[in-house]
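Reader: I would like to learn how to read strands, sheets and burial in a protein model. Could you take me through an example, giving the general idea before each case?

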Amino acid sequence: MTDTLPPCPECASIYVYEVDALLNCPECGHEWKADERAGTAPEVRDSVGNVLVDGDTVTVIKDLKVKGSSTVVKVGTKVRGIRLVDGDHDIDCKVPGIGQMGLKSQFVKKVSG
Ligand SMILES: [Zn+2]
């Protein structure tokens, strides 16, 4: 059982129920596909709203202290080949000169190309 069904897109009813892969609204009778958003992995976005994917290159947009040390990841540090993970720090990556660590997507910006 999931309690996170989205409201009806037609009438915004919250009494939506799920039948097989379809969502049904008892109030207006609307029926739609249990959608693209729910069910798939949530998108991870960078500080300006770009969607990040595994393998992207990002730059750090502010100095970040590495937890438990005096090391700082400097603003502008370029990090290649990120990997998206679940959790508070949703990017797993290897930072040049520092090593494997977790970053928060809100503190990075995707580098295009
Ligand atoms: Zn409805």
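Author: Let us begin with pairing: two strands pair if DSSP finds at least two bridges between them, and strands themselves are DSSP runs (E, at least two residues), numbered from the N terminus, while helices are runs of H or I of at least four residues. Here strand 10 (residues 83-84) and strand 11 (residues 91-95) pair in the antiparallel sense over two bridges, and R83 stands opposite D92 in strand 11. This is a predicted model, in which local features need pLDDT of at least 70 and side-chain atom pairs count only at pLDDT 80 or more, whereas totals for chains, interfaces and linings use all residues. Residues are numbered from 1 along each chain as its sequence is written.

Reader: What lies between strand 10 and strand 11 in their hairpin?

Author: Six residues lie between the two strands of that hairpin, in which G87 takes a positive phi near 125°. Strand 11 also pairs with strand 12 (residues 99-103), in the antiparallel sense and over five bridges, with M101 in strand 12 as the bridge partner of C93. The hairpin of strand 11 and strand 12 has three residues between the strands, and there G97 takes a positive phi near 85°.

Reader: How many helices and strands does the chain have?

Author: The chain has zero helices and 13 strands, so that its pattern along the sequence is written with β alone, by the definition of these runs.

Reader: In what order do the strands of an open sheet stand, for instance the one that includes strand 6?

Author: That open sheet has three strands in the order 9-6-13, with antiparallel pairing. Strand 9 (78-79) and strand 13 (108-110) stand at the edges with a single partner strand each, so one side of each has no neighbour in the sheet. Between strand 6 (residues 58-60) and strand 9 the antiparallel pairing has two bridges, and T59 stands opposite K78 in strand 9.

Another open sheet of three strands has the order 1-2-3, and its pairing is antiparallel. Its edge strands are strand 1 (17-19) and strand 3 (31-33), each of which pairs on one side only. Neighbouring strands of this sheet are turned by 35° against each other on average, direction ignored, where the axes are lines fitted to C-alpha atoms and angles between N-to-C directions run from 0 to 180 degrees. Three bridges join strand 1 to strand 2 (residues 22-24), and Y17 stands opposite N24 in strand 2.

Reader: Is V44 buried or exposed?

Author: A residue is buried if 20 or more other C-beta atoms lie within 10 Å of its own, exposed if 12 or fewer do, and partly exposed in between, with the C-beta atoms placed from the backbone. V44, found in strand 4 (residues 44-45), counts as buried because it has 21 C-beta neighbours inside 10 Å. In the chain, buried residues make up 15% of the 113 residues.

Reader: Which residues does V44 touch?

Author: Two residues are in contact if their C-beta atoms, placed from the backbone, lie within 7 Å. Not counting residues up to four places away in sequence, V44 touches L52, L84, D90 and S105. The C-alpha atoms of V44 and I91 are separated by 8.8 Å, although these residues are 47 residues apart along the chain. Of the contacts in the chain with a separation of 6 or more, 33% are between residues 24 or more positions apart.
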